[in-house]
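Thank you for making time this morning; I would like to walk you through a structure that is new to most of us, so please have a look at it before I begin.

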Amino acid sequence: MLIVIFSVMLYHYIKITIFENIVQSLTLEAKNISAMKENESLEYKNSNFDLIKIVLNDNNLTRPEFVSTKDINATYLTLYYPYQNRLLVLTKNTSEYSLIVDQILVDILIINATAIFLILFYALFLSRMLLAPLRSFCLKLGQLNERFLQEVETDELPVEFKPLGDGVNRLIGRILTFVQYQKELFIGAAHELKTPLAVMKTKNEVTLIKERDTQKYIETLKNNNEAINQMNKMISSILEIGRQEGAQFEQPVMTDMIAYINEIGNNFLILAKGDDKNIRMSLRPHSLKIMIQPTLFLHVLQNFVQNAIKFSPKGATIEINSTLANGEFIVRVIDEGIGIDESKDLFAPFKRYGNSSGAGLGLFLAKGAAQALGGTIELRNRIDRSGTIATLTLPIRNSKYKK
């Protein structure tokens, strides 16, 4: 359409330009003749015009008028120029110019047809070239076996499509991690719930084998109640997994992370003081606003601080600090506890370490929440003294901050 519009404009511009030259030539010649001739009639031919004559001004023309005529053999342009109460008539054969304009029209049409054909051919070729890797990529995705998920090969994709392939592979990786964790979770939950039930059943059966004194029955019931309490904690932790998965669909909101961490830290300060421990905060930058799911972030930081309070000795100081580096927001919780065994998988479900009881799902849930936020968590020992450094790293995209 653009080519057609441009071509029509070009054709009319050329046509007007050519005939404008003829009009100017006729007008100039009329002015020259009117200045030279004063007799009542004149009729002669010259080299530039086919006919020049003076006639009566029967129509009382007051301004020059151009008339185009055509016969079988030629086309003419005639100028009627007012001249001393008469008309100076100049006629010029424009057949040659008309042929040129017609030939230009034919050339433009040919060029247009060729250009449109080439554009359509190029568009078809380009679309096929662009769709080929997409078809190949879609075919690979369609051939994925949901039972044996594997990452898609992206080496053959053009550079423009590699981000798409990498994004799909990251999604597949997350699905694989999720499936693996779910498998470990179900196996661990079955084992953790089955063991206390088996112990309770065995104690009850032993107690019922023969009649015993009241104290033995009371002791057995207390042990059973302890086992039931542990099972309730386990079930609460499993329910927490469901709540966390629901939080992954929470709408991100613009949150001032520094103010939010300050609020969380102040809330835990009361808990730490009650256990004869202290919390110190060193947060940078002064303000940092990012789009985030606050519930998931709270879950991670809450787990870090609770573990730090749980494993730190009396009188210890727990430090919460943050920094912004290389496009990442890093939050660290540093305690003064006994440290960790870095050779073990601390994020596996139902794994308990240290001297405190629990369901063993805290770090497992924290890692899942961090991944849902697009970040990572890490645990390592301090090098200056005994203690653990828990780190949450979040990539920063759209953010507003003050140093």
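Where is the place of tyrosine 122? Tyrosine 122 has its place in helix α2, which covers residues 95-142, and I should say at once that what we are looking at is a predicted model. Tyr122 also contributes to a nonpolar surface patch of about 780 Å², which is made together with Phe117, Leu118, Phe121, Phe125, Met129 and Leu130.

Let me turn to the strands. Strand β3, residues 65-70, pairs with strand β4, residues 75-83, in the antiparallel sense over six bridges, and in this pairing valine 67 stands opposite threonine 78 of β4. With four residues between them, β3 and β4 form a hairpin. On to the next strand: β4 is joined by eight bridges to β5, residues 86-93, and these two run antiparallel, with tyrosine 83 opposite arginine 86 in β5. They too form a hairpin, here with two residues between the strands, and glutamine 84 in the turn has a positive phi of about 50 degrees.

Finally, the aromatic rings. A search of the whole structure finds one aromatic pair: the ring centres of tyrosine 260 and phenylalanine 297 lie 6.0 Å apart and the planes stand at 40 degrees, so the pair is tilted. The pair links distant parts of the chain, since tyrosine 260 sits in helix α5 and phenylalanine 297 in helix α6, 37 residues apart, and both residues are buried. Helix α6 itself has 18 residues and reaches 26 Å from its first C-alpha to its last, close to the 26 Å expected.

Methods. Residues are numbered from 1 along each chain as its sequence is written. This is a predicted model: local features need pLDDT of at least 70, side-chain atom pairs count only at pLDDT 80 or more; totals for chains, interfaces and linings use all residues. Side-chain values use heavy atoms; hydrogens and water are left out. Rings of Phe, Tyr and Trp (its six-membered ring) pair if their centres lie within 6.5 Å; planes under 30 degrees apart count as stacked, over 60 as edge-to-face and the rest as tilted. Buried means under 20% relative accessible area, exposed over 50%, partly exposed in between (1.4 Å probe, protein chains only). The expected span of a helix is 1.5 Å times one less than its number of residues. Patches are made of residues with over 30% relative accessible area and no salt bridge: like charges are joined within 9 Å, nonpolar side chains (Val, Leu, Ile, Met, Phe, Trp, Tyr) within 5 Å. Accessible areas come from the Shrake-Rupley method with a 1.4 Å probe; for residues, only the protein chains shown count as cover. A salt bridge is a side-chain nitrogen of Lys or Arg within 4 Å of a carboxyl oxygen of Asp or Glu. Two strands pair if DSSP finds at least two bridges between them.
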